[in-house]
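Got the model open in your viewer? Let's walk through it, one selection at a time.

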Amino acid sequence: MKTDELISLLATAAEPVDRHALARRLLLALLAGMLGALLMTVAIYGVRSDLAEVARTPLFWAKLALPTSLGLLALWLTQRLARPGVRGGALWGLLGLPLLLVWLGAAVSLAGAPVEARADLIFGRTWRTCALNIALLSAPVFAAVFWALRGLAPTRLRQAGAAGGLLAGSTATLVYCLHCPEMAVPFWGLWYLLGILLPTVIGALAGPRLLRW
Amino acid sequence: MQRTNPQDVLSARESQLQALLLLGLAGDAGAYREFLAALAVHLRGFLRRRLAQRPAEVEDLLQEVLLAVHNARHTYQAQQPLTAWVQAIARYKLADHWRGQARREARHEPLEDDSELFACADEEPAQASRDLNKLLGQLPDRQRLPIVHVKLEGLSVEETARITGLSSSAVKVGIHRGLKALGRLIRGKDDHEDR
């Protein structure tokens with residue numbers, strides 16, 4: 001086929017394009033993945049029984065703020081990296097802000113606690129399973145977001161994969177907060193972040209293979 | 001007397017092409033064809049300079065990039081410079097191509113350069129060695145037939161729907177999916193040659 005013929009073929013196939021196609025695809029994937037994570041949480045772990053009470057405390061909302069801020073930044077990064085010629089840039093650096101805040105909170109909390117209580121603040125009762133639970137819950141979001149990215153046009157595959165993995169991990173953590181009984185800031189600053197880091201690293205490693213187009 | 005410097009020429013070309021693309025994205029097939037034809041001229045120059053050692057591959061890669069531009073057109077947003085968007089796609093496909101080459105032979109070609117895409121032009125099409133028609137033959141009927149009838153025989157979507165017994169929307173979907181699949185086939189074929 002000559003190039004001219006290919007051009008005619010492509011021009012014939014030129015249906016009007018929805019200007020919000022990218023946002024729609026990504027949000028659809030995110031919602032579907034989140035629903036999957038929600039169902040898994042309810043089915044596997046169960047919602048914590050004191051949710052209604054704890055939701056009235058500011059600490060609970062501070063806990064949600066960590067995955068929410070990371071997730072919003074990851075969503076922004078993902079939609080940028082899904083487009084050719086758009087960099088992640090300073091957004092990667094902005095991720096440091098929630099991390100800094102949670103570690104600052106953790107330091108304050110540890111400093112104010114008696115020495116013998118510090119281990120409890122860090123390990124809580126569920127440190128053995130927390131990160132792995134989050135990584136498991138991130139699977140549906142991870143699959144959905146990578147599906148969305150495969151229909152878009154990322155050209156920096158490793159970064160796009162990492163951003164997608166981060167989005168999956170943050171969303172999973174947000175949903176996991178419905179179950180997780182831990183209310184100590186040092187715990188979040190370690191195990192939540194570890195749980196988010198896992199899908200992020202997997203995304204970065206798998207990106208070049210899964211997202212190639 | 002009016003003076004024009006090269007930078008003005010480039011940005012005029014950029015905004016002209018962008019206007020055509022935006023019309024095309026809104027469904028104006030004529031403008032879209034004009035955009036692709038003009039883009040092909042620039043891309044050919046762009047690729048020919050980067051594949052100076054292998055002129056035979058220019059036309060293949062050009063077709064691959066055009067197909068990629070078409071299949072990724074929903075990721076273009078009007079506020080982004082068109083040059084950045086197109087060059088990112090062309091570079092990505094070029095890098096992919098070189099990765100394939102590198103696996104075939106341990107040979108290195110420099111990737112560096114920041115020259116402007118619209119500063120290059122080459123209207124001289126070479127012969128493409130990869131025959132897209134053959135690849136087209138590998139697509140399933142519901143994708144291949146709409147492409148063959150609408151494009152190669154110049155029928156309208158409605159006529160094609162009547163001949164193939166598909167609905168008009170199935171014809172459009174078939175063309176859309178077929179072109180995506182064609183992109184994958186090109187890649188798959190190159191992968192296969194690597195082994």
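**Stop one: chain A**

Select chain A and switch on its surface: the accessible area is about 9900 Å², and carbon and sulfur atoms account for 70% of it (Shrake-Rupley method, 1.4 Å probe; for residues, only the protein chains shown count as cover). Before you go on, bear in mind that this is a predicted model, where local features need pLDDT of at least 70, side-chain atom pairs count only at pLDDT 80 or more, and totals for chains, interfaces and linings use all residues. Residues are numbered from 1 along each chain as its sequence is written, chains are lettered from A and ligands numbered from 1 in the order in which they are written, and side-chain values use heavy atoms, with hydrogens and water left out.

Now go to cartoon. Chain A has 10 helices and 0 strands (DSSP runs numbered from the N terminus: H or I of at least four residues for helices, E of at least two for strands). Read from the N terminus, the order is α-α-α-α-α-α-α-α-α-α. Along the principal axes, the C-alpha atoms of chain A fill a box of roughly 75 × 35 × 30 Å. Of its 213 residues, 50% count as buried (under 20% relative accessible area; exposed is over 50%, partly exposed in between, with a 1.4 Å probe and protein chains only). Take the contacts (heavy atoms within 4.5 Å) in chain A between residues at least 6 apart in sequence: 84% of them join residues at least 24 apart.

**Stop two: where A meets B**

Show both chains and select the residues in contact: you should pick up 32 from chain A and 44 from chain B. Together the chains bury about 3500 Å², with 63% from carbon and sulfur atoms (the accessible area, 1.4 Å probe, that two parts lose on being put together, summed over both). Highlight Met1(A), Arg212(A) and Trp213(A), which supply 23% of the area that chain A buries against chain B, more than any other three residues.

Stay on Arg212(A) and add Asp96(B): the two form a salt bridge, with the closest N and O atoms 2.9 Å apart (a side-chain nitrogen of Lys or Arg within 4 Å of a carboxyl oxygen of Asp or Glu). The count of salt bridges between chain A and chain B is 1. There are also 10 residue pairs in polar contact between the chains, both residues at pLDDT 80 or more (N or O atoms within 3.5 Å; within protein, one must be able to donate a hydrogen and the other to accept it, and residues adjacent in sequence count only if both atoms are side-chain atoms).

Next, colour helices H1 (3–12) and H2 (21–45) of chain A; each supplies at least two residues of the side that touches chain B. H1(A) gives the most to that side, with 9 residues.

**Stop three: chain B and His97(B)**

Hide chain A. Chain B has 8 helices and 0 strands, and 49% of its 195 residues are buried. Its accessible surface is about 9900 Å², of which 51% belongs to carbon and sulfur atoms.

Zoom in on His97(B), in helix H4 (residues 82–104) of chain B. Is His97(B) buried or exposed? His97(B) is buried, because its relative accessible area is 15%. Its side chain makes a polar contact with the side chain of Glu57(B), at 2.9 Å. Leaving out residues up to four places away in sequence, His97(B) touches Leu51(B), Glu57(B) and Leu61(B).
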